[in-house]
Amino acid sequence: MRISFAAAALLVVLGFAATPSRAEDALALQLVTQPQNGGADARPINIDAGDPVTIGTKLALIVSATKDATVNIRYTPSDGAAALLAQGVALKAGESKRLPEGGGWYHVTSGLGEEKVAAEDASGAVLAKTSYRIVDATAIQIGNLATESSSGGARTRSIGGVNLGAYDQAEDVVAKSEAVAKTLEQAPPANPSTSRSVGSNVFKRVANGVVLVVNGDFIGAGAVLDQNGLVVTNHHVVAAADTVSVIFMPADGASVDGAKAYDATVERIDVVADLALIRIKNPPPEMTLVKLGDPASVEIGEEVNAIGHPHGEFWSYTRGYVSQIRPKYGWDDSFYQHQADVIQTQTPINPGNSGGPLLDDEGELIGINSFVDSEGQGLNYAVSVDEVTRVLQMHGDRLADGSVIEAKAGDSSGGESTLQPAADTGGGNDYQTWSYDDDKNGKPERWGVDMSGDGKPDLYLLDQDGDGEVDYGLLDRNQDDKPEARIIYGDESLGECDVWEIDDNEDGKPDSIGMDYDYDGKPDVIRPA
């Protein structure tokens, strides 16, 4: 029986009032450009603060508000005085506006060096800012931005070096910068159906790996991580339960009511980060897996995707933007105080999305959709994937007070164990694995593998030189922490065999030497040491 918590009544999934523990920025600015030869329907590309651009770049500014605000947009060129680019821009909480209005673009016409854009309130206080760098250009005139309208028009006055008139439609151009080069290579053509296909592709790729988690009368979502049935979800979805039910997405047209429900056990919880790992009993074969993404690759302004079951609308897809990345963010609900690295998004989520994945455009999991700010609009939060990775490496349950209860099958060697997803071998055996960070440097040096299927490691793989590759293995079939053999792996490409140092009496000295020439995990020749 797992530990029983005061939350036995269970949270209404994502319906509780979550209150951020500190005040947040009211605005965010995101510069965007457009793919080469892209029309009005072409997907925009983000230009992040400090990115290099070249003369001829087309830029637009996305102003997003998390609270009601009226702002002025101030532009500081690299070779002139600051000037107002837009004045009295009014936004409601959760709203975004594009500048210039009317679908036009700002053109970088000259200059060299850093140019800044800031959002200010009526007092002149800066609420948000961004910048870019003009490279490989010659400073010919003061002021480097000009506006263009979709309808065309005549040039008018210049204020502070910024031409605020309407320009005739110019030839489509784009920044040839190091920051966007790779993105441009993969940019979709000017085709509305293509530019709208990103979300569709993400859903088709990942949706079968998103499950419905049923805990009594309450529902949530989860993401399947390995072929052994490991699923990540929110702690408040499973709450005090020992077991829950899991349902996979039915075939098109089929009802959820008639779908098979799989039993799943709650294997690990982190109440503080509001995360839980559950394991499906006798999972179906060849499940779609949700790959964990890289938290370092997540950027503000990036488009993201969510799949879940809002208000019982099963396997619903939504899309939005990353508003901010907030390390060690605190929030509370009716039962617990929480803290974790979170991703703030404008991606619409509702009760039933809890535990479901927040995905990048590659379909990789970058967060677990967890809570909303009930006092604001468009303030949605996902616990970051780095927290998921940490929970996978925990060696016990973390309770609300931060204390850790050791797992029943804990690691006797003192290293940190993990329930990390087993490697997908493409149809071969999938073994439960553990990783151990023995020197506490944040990188595992040792991995345990359960070859016998009894839930305990009997083969250990070691990275002796810290290069991330296995150097040798230790076989401990009787699980007494005294290896019966050390396996030194040879380079198959060089024709080197695997060498077994066999220690029958477990005294730490090899009694015989085995050679495995066909790499089948068994010595082909054994000689006395």
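**Exercise 1. Work out how enclosed strand E20 is, and which way its side chains go.**

Start with the count: six of the six residues of E20 are buried, so the strand is largely enclosed by the rest of the structure. Here buried means under 20% relative accessible area, exposed means over 50%, and partly exposed is in between (1.4 Å probe, protein chains only). Helices (H or I, at least four residues) and strands (E, at least two) are DSSP runs, numbered from the N terminus.

Next, sort the directions. Leu275, Leu277 and Arg279 point one way from E20, while Ala276, Ile278 and Ile280 point the other way. Both sets are buried.

Before going on, a word on the model. It is predicted, so local features need pLDDT of at least 70 and side-chain atom pairs count only at pLDDT 80 or more, whereas totals for chains, interfaces and linings use all residues. Residues are numbered from 1 along each chain as its sequence is written, and side-chain values use heavy atoms, with hydrogens and water left out.

**Exercise 2. Find the partners of E20 and the residues that stand opposite each other.**

Strands of a sheet pair through backbone hydrogen bonds, either parallel or antiparallel. Two strands count as paired if DSSP finds at least two bridges between them.

Take E17 to begin with: it pairs with E20 in the antiparallel sense over four bridges. Within that pairing, valine 232 sits opposite leucine 277.

Now take E19, which is antiparallel to E20 and joined to it by six bridges. Isoleucine 269 has alanine 276 of E20 as its bridge partner.

Then look at the connection. E19 and E20 make a hairpin with four residues between them, and aspartate 274 in the turn shows a positive phi of about 60 degrees.

**Exercise 3. Decide where the buried residues of helix H5 sit around its axis, and what covers them.**

List them: in H5 (residues 385–392), the buried residues are Val385, Glu387, Val388, Val391 and Leu392. Looking down the axis of H5, these residues fall within an arc of 155 degrees, so they line one face of the helix. The arc is that of the directions from the helix axis to the C-beta atoms.

For the cover, check contacts (heavy atoms within 4.5 Å). What covers this set includes strands E17 (230–233), E19 (261–270) and E20 (275–280), so to speak our friends from the exercise above. The cover also includes E23 (337–345), E25 (365–372) and E26 (380–384).

**Exercise 4. Two non-glycine residues, alanine 239 and glutamate 286, have positive phi: which is buried and which is exposed?**

Alanine 239 has phi near 50 degrees. It lies in the loop between helix H4 (235–238) and strand E18 (243–247). With 7% relative accessibility, alanine 239 counts as buried.

Glutamate 286 has a positive phi of about 50 degrees and belongs to the loop between E20 and strand E21 (303–308). Its relative accessible area is 76%, so glutamate 286 is exposed.

**Exercise 5. Locate the cis peptide bond between leucine 99 and proline 100.**

The bond from leucine 99 to proline 100 has omega near 0 degrees, hence cis. Proline 100 is in the loop between strand E8 (96–99) and strand E9 (105–108).

**Exercise 6. Lay out the five-stranded open sheet and name its edges.**

Write down the order: E4-E11-E10-E6-E7, with mixed pairing. The edges are E4 (51–53) and E7 (83–91), each pairing on one side only. From one strand to the next, the twist averages 25 degrees; axes are lines fitted to C-alpha atoms, for helices over the stretch in contact, and angles run from 0 to 180 degrees between N-to-C directions.

Zoom in on E6 (residues 69–76) and E10 (residues 113–120): they run antiparallel, with five bridges. One bridge pair is arginine 74 with alanine 118 of E10.

**Exercise 7. Describe the burial and the pairing of strand E35.**

E35 (residues 512–516) is mostly covered, with four of its five residues buried. On to its partners: E34 (residues 498–502) runs antiparallel to E35 over five bridges, and valine 499 stands opposite methionine 515. E36 (residues 525–528) is also antiparallel to E35, with four bridges, and there glycine 514 faces isoleucine 526.
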